[in-house]
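Me: I would like to go through a structure with you. Please keep the answers plain and state the criteria as they come up.

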Amino acid sequence: MYIEYLMMVHARSPQSDKEQKAQRKFAEELKPKDFKKPKKSNKAKVYKWDTALLERLKARQQQDRQRDA
């Protein structure tokens, strides 16, 4: 949000190419070094489910329902 605030404060249409370059440089310097565009991969992520945990949770829910009934 701070970066956006600074950009809004300094956001006026540049009068020359020199000003435009200065604004771009300013915005790039504010970005964290680790904030680069992530590399895109064509592969979809595959997540592994913890089936044992899911079974324990399901069993606990059933026990709670039986106790409440």
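The exchange below goes through the model topic by topic.

Me: What kind of model is this, and which cut-offs on pLDDT apply?
Reply: It is a predicted model, in which local features need pLDDT of at least 70 and side-chain atom pairs count only at pLDDT 80 or more, while totals for chains, interfaces and linings use all residues. Residues are numbered from 1 along each chain as its sequence is written, and side-chain values use heavy atoms, with hydrogens and water left out.

Me: What does the chain average in pLDDT?
Reply: The average is 81, and 90% of the residues score at least 70. Here pLDDT is the predictor's confidence in each residue, from 0 to 100.

Me: Which element has the lowest mean pLDDT, and which the highest?
Reply: Helix H1 (residues 2–9) has the lowest mean, 72, and H3 has the highest, 92. Where pLDDT is low, the predicted coordinates should not be read in detail.

Me: How many helices and strands are there?
Reply: There are three helices and zero strands, in the order α-α-α from the N terminus. Both kinds of element are DSSP runs numbered from the N terminus: helices are H or I with at least four residues, strands are E with at least two.

Me: How much of the chain is buried?
Reply: Of its 69 residues, 3% count as buried. Buried means under 20% relative accessible area, exposed means over 50%, and partly exposed lies in between (1.4 Å probe, protein chains only).

Me: And what does the accessible surface come to?
Reply: It comes to about 7800 Å², of which 55% belongs to carbon and sulfur atoms. These areas come from the Shrake-Rupley method with a 1.4 Å probe, and for residues only the protein chains shown count as cover.

Me: Turning to H3, why does its span agree with what is expected?
Reply: Helix H3 (residues 51–68) has 18 residues and should span 26 Å at 1.5 Å a residue; its end C-alpha atoms are 26 Å apart, so the two agree. The expected span is 1.5 Å times one less than the number of residues.

Me: How many of the residues of H3 are buried?
Reply: The count is zero among its 18 residues, and H3 is hardly covered.

Me: Which residues make the nonpolar surface patch?
Reply: Trp49, Leu53, Leu54 and Leu57 make a patch of about 430 Å². Patches take residues with over 30% relative accessible area and no salt bridge; like charges are joined within 9 Å, and nonpolar side chains (Val, Leu, Ile, Met, Phe, Trp, Tyr) within 5 Å.

Me: Where does Trp49 lie?
Reply: Trp49 is in the loop between helix H2 (17–30) and H3. Trp49 counts as exposed because its relative accessibility is 69%.

Me: How many salt bridges are counted?
Reply: The count is one, the criterion being a side-chain nitrogen of Lys or Arg within 4 Å of a carboxyl oxygen of Asp or Glu. Asp64 pairs with Arg67, their closest N and O atoms being 2.4 Å apart.

Me: Why are Asp64 and Arg67 separated by about one helical turn?
Reply: Asp64 and Arg67 are three residues apart in helix H3, which means a separation of about one helical turn. An α-helix has 3.6 residues a turn, so residues three or four places apart point the same way. Asp64 is partly exposed at 29% relative accessibility, whereas Arg67 is exposed at 63%.

Me: Now the loop between H1 and H2: what does Pro14 touch?
Reply: Pro14 touches Glu19, Gln20 and Gln23, not counting residues up to four places away in sequence. Contact means heavy atoms within 4.5 Å. Pro14 is partly exposed, with a relative accessible area of 33%.

Me: And what does Arg12 touch?
Reply: Arg12, in the loop between H1 and H2, touches Glu19 and Gln23, with residues up to four places away in sequence not counted. The C-alpha atoms of Arg12 and Gln23 are separated by 9.5 Å.
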